Amino acid sequence: MQDSDSQAGAGPEPEVTSPEAASERSEWRNFYGRIRGKTMRQSQKAYLSEDLASLAPRGVTREENPGRELIDPQAIFGNDAPIWLEVGFGGGEHLVHMCARYPEVNIIGCEPFINGVAMLLGKIRAAGVTNIAVHPGDARDLMDVLPDGALAKAFLNYPDPWPKRRHHRRRFVTQDHLVPLARCLAPGAEFRVATDIPSYMAQALREVPRAGFALTGHGGEAWGDWISTRYEQKALREGRVPDYATFRRL
Ligand SMILES: C[S@@+](CC[C@H](N)C(=O)[O-])C[C@H]1O[C@@H](n2cnc3c(N)ncnc32)[C@H](O)[C@@H]1O
């Protein structure tokens, strides 16, 4: 990993090779639409140009909604089904799996890494799921504009580890991220965290309750409806151990 605190807003578009490298380069907020990895296949470019606009909720980015007016999340889907959130869906396998498994809910996925978004769009076509929306950017930008209690569940699967101690403050499980998440989740809503990094789970177990959650489960056994993600497979190949925690919004 690089050790850069540079803002992505300046200079030419960064070429990065992984989401971790992308996150090392940026403080997130300014890099909407700028994070690209290695060259995309023609089919993936077509998914982005043909499918993304109709799946992306309006009024989320700072460009589109500089006043940060709240949006009506039910208007995204045109129905009043419960809405779940997946933060950092990577290649989208868990997100599409959950949409297919729970057709009675709607799920919004957030992911700034545009190659991951393209992979997700391919999976959406293949699975034919329609109860999905995609914010191709930082989850905080979405949380900013959601009304209180808009979400019924949230997933944080294998978040960027930020292994260096001085970078732990950049992790998603900090109050900067967790307080907005708690505001957007309805009382009683579930928040799931999966990670292979022991210090990450330790931080989650400490910080998530401080933001207004109760721990309801923790251990090495995944949820019954879990599907293993790309990053979990990588962790297993490299000998790391998955750890899962479930919290409930108070
Ligand atoms: C280690 S990857 C894991 C991807 C996937 N969840 C999996 O398990 O395979 C973490 C992902 O979180 C995304 N991410 C990091 N911070 C984010 C944020 N603030 N909002 C949305 N996504 C974020 C990164 O771009 C990256 O794709």
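## Exercises on a predicted model

Asp-196 sits in the loop that links β5 to α8 (198-210); helices (H or I, at least four residues) and strands (E, at least two) are DSSP runs, numbered from the N terminus. The model is predicted: local features need pLDDT of at least 70, side-chain atom pairs count only at pLDDT 80 or more, and totals for chains, interfaces and linings use all residues. Residues are numbered from 1 along each chain as its sequence is written.

**Exercise 1.** Determine whether Asp-196 and Tyr-231 are buried, partly exposed or exposed.

*Solution.* Start with the cut-offs: a residue is buried if 20 or more other C-beta atoms lie within 10 Å of its own, exposed if 12 or fewer, and partly exposed in between, with C-beta atoms placed from the backbone. Asp-196 has 19 C-beta neighbours inside 10 Å, so it counts as partly exposed. Tyr-231, in helix α9 (residues 230-237), is buried because 23 other C-beta atoms lie within 10 Å.

**Exercise 2.** Find what Asp-196 and Tyr-231 touch, leaving out residues within four places in sequence.

*Solution.* Two residues are in contact if their C-beta atoms, placed from the backbone, lie within 7 Å. For Asp-196 the partners are Tyr-158, Ala-235, Arg-240, Val-241, Pro-242 and Asp-243. For Tyr-231 they are Gly-90 and Tyr-158. Tyr-158 thus appears in both lists. The unreviewed UniProt entry gives the feature "binding site" at positions including Asp-196 and Tyr-231; such annotations may be inferred rather than shown by experiment.

**Exercise 3.** Describe the side chains and the partners of strand β7 (residues 243-249).

*Solution.* First, the faces. Asp-243, Ala-245, Phe-247 and Arg-249 point to one face and are buried, whereas Tyr-244, Thr-246 and Arg-248 point to the other and are not. In a regular strand, side chains alternate between the two faces of the sheet. Next, the partners; strands pair if DSSP finds at least two bridges between them. β5 (residues 185-195) pairs with β7 in the antiparallel sense over 6 bridges, and Phe-191 stands opposite Phe-247. β6 (residues 213-219) is also antiparallel to β7, joined by 6 bridges, with Ala-214 as the bridge partner of Arg-248.

**Exercise 4.** At what angle do helix α2 (residues 42-55) and helix α5 (residues 114-127) pack?

*Solution.* The angle is about 75 degrees, with the axes 9 Å apart; axes are lines fitted to C-alpha atoms over the stretch in contact, and angles run from 0 to 180 degrees between N-to-C directions. α2 and α5 are therefore roughly perpendicular, a term covering 65 to 115 degrees.

Technical notes
Angles under 35 degrees count as roughly parallel, over 145 as roughly antiparallel, 65 to 115 as roughly perpendicular and the rest as oblique.
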